[in-house]
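Here are a few exercises to work through with the structure open beside you. Try each task before you read its solution.

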Amino acid sequence: MTMTLKFRLMKVEDIDQVVEIEKQAFATPWSKEAFYNELTANQFSTYLVMEIEEQIIGYCGTWIVIDEAHITNIAILPKYRGKGLGYALLKAAMNVVQQLGALSMTLEVRTSNHIAQSLYKKLGFEAGGIRKNYYSDNNEDALVMWVKL
C-alpha cells in the first residue's frame, strides 16, 4: 500500500503536532507561542507542513524579506528520516517561496550536522560563511548556506 505525501500551508490547528516534531528534532525547541506568533503576527513568515495520511510528519518555516527567503526551521519526525522526505519537503518549500517572489534562499546549519549539509548541497545550496557560537545550547558554530532559486 502506498501512502500519499501531501504538502500544504500550516494552520494554527497544526501547532501541537509541529511542536511535537520540534521537541523530537531539536535540543532547544520552539514553543507553541513562538509558532502561534509566526502564523498570526509575522507578516514575513510562511510555514509548510508535510503529511502522510493526515498526520503531519514534517514542516519547514521561512521568512521572506523582499526577494530573499530564510529558513527558520525544518524538521521531520525521526521515524521518517532517511527516506528522501527531507529532500521532498525542502524542494516543496523552495517552490512555494519562489512562487511568492523569492529569488534566493538561505539557512544556518550546525557545523557538525553533515547529514543536513549533504541534503542542502543536493538542492544546490553552497557554503557562504560561518556564524560563530550561533547555537545557544552549546555555542556551536553555524554554517550559512545559500541557493539561487
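**Exercise 1: A charge and a ring pair**

In this predicted model, R110 sits over the face of Y135, 4.1 Å from the ring centre.

Task: How many aromatic pairs does the model hold, and what kind of pair do Y134 and Y135 form?

Solution:
- Start with the count, which comes to five aromatic pairs.
- One of them joins F35 and Y59: the ring centres are 5.7 Å apart and the planes stand at 85°, so this pair is edge-to-face.
- F35 belongs to helix α2 (residues 32-40) and Y59 to strand β3 (residues 55-65), so their pair ties together parts that are 24 residues apart in sequence.
- Now turn to Y134 and Y135. Their ring centres are 5.0 Å apart with planes at 85°, so this pair is edge-to-face.

**Exercise 2: Buried or exposed?**

Task: Decide whether Y134 is buried, partly exposed or exposed, then do likewise for Y135, F35 and Y59.

Solution:
- Take the cut-offs: buried is under 20% relative accessible area, and exposed is over 50%.
- Y134 has 37%, so Y134 is partly exposed.
- Y135 has 16%, so Y135 is buried.
- F35 has 1% and therefore counts as buried.
- Y59 has 0%, so Y59 is buried as well.

**Exercise 3: The sides of a helix**

Task: Which residues of helix α1 (residues 15-25) are buried, and where do they lie around the axis?

Solution:
- List the buried residues of α1: I15, V18, V19, I21 and E22.
- Check their spread. They cover an arc of only 160° around the axis, which puts them on the same side of α1.
- Recall the helix geometry: an α-helix has 3.6 residues a turn, so residues three or four places apart point the same way.
- Look at the face turned away from the buried side, where the exposed residues D16 and K23 are found.
- Finally, see what covers the buried residues of α1: the cover includes α2, β2 (45-52), β3 and β4 (68-76).

**Exercise 4: Into the core**

Task: Which element gives the largest share of the largest nonpolar core, and what does Y59 touch?

Solution:
- The largest nonpolar core has 42 residues, and F35, Y59, I71, L90, M105, Y120 and F125 have the most contacts inside it.
- Its largest share, seven residues, comes from α3.
- Leaving out residues up to four places away in sequence, Y59 touches residues including V18, I21 and E22, as well as F35 and Y47.
- Ring pairs also link Y59 with W30, F35 and Y47 into a cluster.

How values were computed:
Residues are numbered from 1 along each chain as its sequence is written. This is a predicted model: local features need pLDDT of at least 70, side-chain atom pairs count only at pLDDT 80 or more; totals for chains, interfaces and linings use all residues. Side-chain values use heavy atoms; hydrogens and water are left out. Rings of Phe, Tyr and Trp (its six-membered ring) pair if their centres lie within 6.5 Å; planes under 30 degrees apart count as stacked, over 60 as edge-to-face and the rest as tilted. Helices (H or I, at least four residues) and strands (E, at least two) are DSSP runs, numbered from the N terminus. Buried means under 20% relative accessible area, exposed over 50%, partly exposed in between (1.4 Å probe, protein chains only). A charge sits over a ring if NZ of Lys or CZ of Arg is within 6 Å of the ring centre and within 35 degrees of the ring normal. The arc is that of the directions from the helix axis to the C-beta atoms. Contact means heavy atoms within 4.5 Å. A nonpolar core is a set of buried Ala, Val, Leu, Ile, Met, Phe, Trp, Tyr and Cys residues joined through side-chain atoms within 4.5 Å.
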